[in-house]
2 protein chains.
Amino acid sequence: MRALLLMMLFLPLLSQAAEEVDPGPQKPAAIQLAEEYMAALTNRNYSKLAQFYDRETVLTDQMAGKSLTGSRDILAFLRRVHTYTQEYYFNADHLFYKGSRVVMIGNYYYKARGDLFGYPGESVTFSLPGVTTLKLDMENRRVEQQIDYLDYHTMEDQLSAHPSLAIP
Amino acid sequence: MRALLLMMLFLPLLSQAAEEVDPGPQKPAAIQLAEEYMAALTNRNYSKLAQFYDRETVLTDQMAGKSLTGSRDILAFLRRVHTYTQEYYFNADHLFYKGSRVVMIGNYYYKARGDLFGYPGESVTFSLPGVTTLKLDMENRRVEQQIDYLDYHTMEDQLSAHPSLAIP
């Protein structure tokens, strides 16, 4: 709906671009930084993550209604929830940006220790569709804001379909 | 990452659900209301849209860096941008909710009058991948907040690939 106004703004850029030789696909700096951050997050590389956060960084899980502010609280929280995580990665289906805002649509995969669910010695795996949006500080290479929208309902379905939950 | 904490919260619900007979798929009230709203929006049904907005409603286009507050300003804006719109709809790829928050991942399709782009008598079509999130007031059937994240870059690509832009 706001597309039309933006189209008009883009027109001068487009006519300019047409006159230049295509330099081939280049990954924008915002996307590169977002990918570095996501790698640090899913690799649970806390020393690297600490470089991305500062006292002002806000991490919000919109669907869980949870928000954390500042490097210290965010790192403490991540360490706590990842105690049970065996594998954790993010698969992006679609990724786009505007300026220093990056939107990543995809799936989070988790492999967690089953003892949390009463299944010691087993692993439970989940795939959570969702969206992670980042507001970056490109100059200082920091994350100013992260907002996650995760579909936790699909986790319930996967939990109930887990073989361990079948009556023996 | 917050998944593990939520899993623990969900466990009591899951064991309860297992004892009940599956009532079949039912569309949650929040999803129903979101779909009604999206229909009013894409059909440009302003009298119906007016019922969804109040003085507190906030509409934010995060990637355009634009935010509007209140029914009057939002409706005036929508009427203005839709002057050139011939067709407009939203196709949801994935839709989920938690409480009164609804997240819709999909594509917006636009068919607009080409005279806006210097092509009178023609139409230009666009498909914009994006995410629309809603915070609903279920009791009063209102939209408290709408945040859009739209991939405007794909619009540029589509514009530059438009046959009308080829040199005759």
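Q: Which element of chain A has the lowest mean pLDDT, and which the highest?
A: This is a predicted model, so let's start with how confident the predictor is. Chain A averages a pLDDT of 85, and 79% of its residues score at least 70. Among the elements of chain A, the lowest mean, 46, belongs to helix α1 (residues 3-19), and the highest, 98, to strand β6 (residues 142-150).

Q: Over which residues of chain A does pLDDT stay under 50?
A: Where pLDDT is low, the predicted coordinates should not be read in detail. The stretch in question has 10 contacts beyond four places in sequence in the model. pLDDT stays under 50 there, over residues 8-19 of chain A.

Q: What is the order of the strands in the open sheet of chain A, and which are the edge strands?
A: The open sheet has 6 strands with mixed pairing, in the order β2-β1-β6-β5-β4-β3. An edge strand here pairs on one side only. From one strand to the next, the twist averages 20°. The edge strands of chain A are β2 (66-69) and β3 (85-98).

Q: Which residue of β4(A) stands opposite A:A92?
A: Strands β3(A) and β4(A) (residues 101-113) run antiparallel, joined by 12 bridges. Look across from A:A92 to β4(A), and the residue you meet is A:G106.

Q: What angle does helix α4 of chain A make with β2(A)?
A: Helix α4 of chain A covers residues 71-81 and packs on the sheet. It touches β1 (58-61), β2 and β3 of chain A. Its direction makes an angle with that of β2(A) of about 130°.

Q: Which strands does helix α2 of chain A lie across?
A: Helix α2 covers residues 29-42 of chain A, and runs at about 165° to β3(A). The strands of chain A that helix α2 lies across are β3, β4, β5 and β6.

Q: Now for chain B: which residue of β6(B) is the bridge partner of B:V58?
A: Strand β1(B) pairs with β6(B) (residues 142-150) in the parallel sense, over 4 bridges. Within β6(B), the bridge partner of B:V58 is B:Q145.

Q: Which residue takes a positive phi in the hairpin of β1(B) and β2(B)?
A: Strands β1(B) (residues 58-61) and β2(B) (residues 66-69) run antiparallel and are joined by 4 bridges. B:D61 stands opposite B:K66 in β2(B). The hairpin has 4 residues between the strands, and the one with a positive phi, near 65°, is B:G65.

Q: Where is B:R44 found, and is this residue buried or partly exposed?
A: B:R44 has a positive phi of about 50° although it is not a glycine. It is found in the loop between α2 (29-42) and α3 (46-52) of chain B. Its relative accessible area is 23%, and since buried means under 20%, B:R44 counts as partly exposed.

Q: What is the relative accessible area of A:R141?
A: A:R141 sits in the loop between β5 (123-137) and β6 of chain A. Its phi is near 55°, a positive value in a residue other than glycine. A:R141 is partly exposed, with a relative accessible area of 41%.

Q: Is B:F96 buried or exposed?
A: B:F96 is found in strand β3 (residues 85-98) of chain B. Leaving aside neighbours within four places in sequence, B:F96 has contacts in both chains, including A:M63, A:Y149, B:I31 and B:V103. Its relative accessible area is 2%, so B:F96 is buried.

Notes:
Residues are numbered from 1 along each chain as its sequence is written. Chains are lettered from A and ligands numbered from 1 in the order in which they are written. This is a predicted model: local features need pLDDT of at least 70, side-chain atom pairs count only at pLDDT 80 or more; totals for chains, interfaces and linings use all residues. Side-chain values use heavy atoms; hydrogens and water are left out. Two strands pair if DSSP finds at least two bridges between them. Helices (H or I, at least four residues) and strands (E, at least two) are DSSP runs, numbered from the N terminus. pLDDT is the predictor's confidence in each residue, from 0 to 100. Contact means heavy atoms within 4.5 Å. Buried means under 20% relative accessible area, exposed over 50%, partly exposed in between (1.4 Å probe, protein chains only). Axes are lines fitted to C-alpha atoms, for helices over the stretch in contact, and angles run from 0 to 180 degrees between N-to-C directions.
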